[in-house]
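Dear colleague,

I am passing on the structure below for you to look at alongside your own work. My notes on what was found in it follow directly after.

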Amino acid sequence: MTSFIFRSIIIALSILTLQACSNLPQQSVTHLYIASDSTATDYSTEEDYKTKRYPQTGWGQVFQPLFTPESLARLKNLHVASKVVVDDKAKGGRSTRSFFEEGRWREIYDALQPGDLVLIQFGHNDQSKEKVDRYTPIEGYKQYLRLYVEQVRAKKARPILITSVNRNYPWVNAKLQNSHGDYPQAVKDIGKEMKVDVIDLTQLSIDHFTAKGEAYVSDNYFMHLAKGQYPGYPEGLNDNSHFKPEGAAAVANLVFEALTKLPAKP
């Protein structure tokens with residue numbers, strides 16, 4: 001009789017446990033946060049974007065459309081839910097240091113849920129020695145990257161480091177060269193040290209831009225604008241850091257394809 005009662009209690013507890021588990025909230029959405037600078041910023045949310053800023057476009061601005069029901073199957077190693085929502089927190093002129101000091105990182109940290117993804121791409125402004133509000137030397141740059149990785153992991157989310165997308169210079173013998181000095185390698189060093197995913201967007205963009213050719217990417221990818229071509233730039237522009245829509249879309253595709261190749265993790 002005692003054995004029968006014991007087995008009955010175990011069965012009852014098992015049923016209650018299963019019921020409790022079935023009532024737990026399921027993650028139906030994976031949030032993908034972008035912590036970055038002007039190259040990834042969503043400018044479309046700005047007032048008078050079409051008349052003042054367009055055609056400048058960040059790659060994060062055109063990232064959401066890539067996450068379709070069909071394409072999500074290619075992200076199975078990232079354990080994403082049936083819906084991915086891109087939350088682009090990138091802001092122009094920010095480095096790893098200023099992004100943290102201004103509280104922008106805190107917005108991401110406070111919102112993070114287990115299973116979320118955080119893409120971290122800085123370097124353009126960290127290397128600007130002449131701009132003391134943003135300059136971050138290599139060792140400081142590494143320290144902020146370590147902090148970001150640790151805090152994302154503390155929330156049981158997945159950090160993904162990204163080296164800076166390359167600028168449209170320098171070109172040598174029809175081949176684009178690294179424009180960010182030692183900063184891309186610093187990202188890879190932290191990736192190896194902390195066993196964190198790294199997307200080498202510096203090299204991916206160098207290869208892609210080189211394949212397209214200097215003339216093509218200058219005219220179609222970067223903000224090379226003729227006088228009077230756009231309302232916001234009456235005098236024209238010759239900007240080799242920021243993208244037109246086609247360039248932003250090309251870079252967004254490079255990032256997405258790299259995400260599909262990342263390894264599975266618990």
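In this predicted model, the largest nonpolar core has 39 residues, and those with the most contacts inside it are Leu32, Trp59, Phe63, Phe67 and Leu259. At least two residues of this core come from each of strand S1 (30-36), strand S2 (84-88), strand S3 (117-121), strand S4 (158-162), helix H7 (201-212) and helix H9 (245-260), and the largest share, 9 residues, is supplied by H9. If you would like one residue from which to inspect this core, Phe63 can serve: leaving aside its neighbours within four places in sequence, Phe63 is in contact with Leu32, Ile34, Val86, Leu119, Ala252, Val255, Phe256 and Leu259. A second, separate core of 23 residues includes Tyr144, Leu145, Val149 and Val196. As general background, nonpolar side chains in soluble globular proteins tend to be buried together.

Turning to a single position, Ala186 belongs to helix H6 (residues 183-194) and has a relative accessible area of 2%, so Ala186 counts as buried, the limit being under 20%. Not counting residues up to four places away in sequence, Ala186 touches Ile138, Tyr141 and Lys142. The C-alpha atoms of Ala186 and Thr163, which are 23 residues apart along the chain, are separated by 8.8 Å.

As for charged pairs, the count comes to 16 salt bridges, and a few of them may be worth viewing individually. The side chains of Glu46 and Arg53 meet in one of these, at 3.3 Å from N to O; Glu46 is partly exposed at 29% relative accessibility, and Arg53 is partly exposed at 29%. Lys52 forms a salt bridge with Asp48, with the closest N and O atoms 3.7 Å apart; here Lys52 counts as exposed at 55% relative accessibility, whereas Asp48, at 38%, counts as partly exposed.

Which parts does the salt bridge between Asp200 and Lys188 tie together? Asp200 lies in the loop between strand S7 (197-199) and H7, while Lys188 lies in helix H6, so the pair links parts that are 12 residues apart in sequence. The closest N and O atoms of Asp200 and Lys188 are 3.3 Å apart, and both residues are partly exposed, Asp200 with a relative accessible area of 23% and Lys188 at 33% relative accessibility. Finally, Arg74, Glu257 and Lys261 are joined into one network by salt bridges that share partners.

With best regards

Definitions and conventions
Residues are numbered from 1 along each chain as its sequence is written. This is a predicted model: local features need pLDDT of at least 70, side-chain atom pairs count only at pLDDT 80 or more; totals for chains, interfaces and linings use all residues. Side-chain values use heavy atoms; hydrogens and water are left out. A nonpolar core is a set of buried Ala, Val, Leu, Ile, Met, Phe, Trp, Tyr and Cys residues joined through side-chain atoms within 4.5 Å. Buried means under 20% relative accessible area, exposed over 50%, partly exposed in between (1.4 Å probe, protein chains only). Helices (H or I, at least four residues) and strands (E, at least two) are DSSP runs, numbered from the N terminus. Contact means heavy atoms within 4.5 Å. A salt bridge is a side-chain nitrogen of Lys or Arg within 4 Å of a carboxyl oxygen of Asp or Glu.
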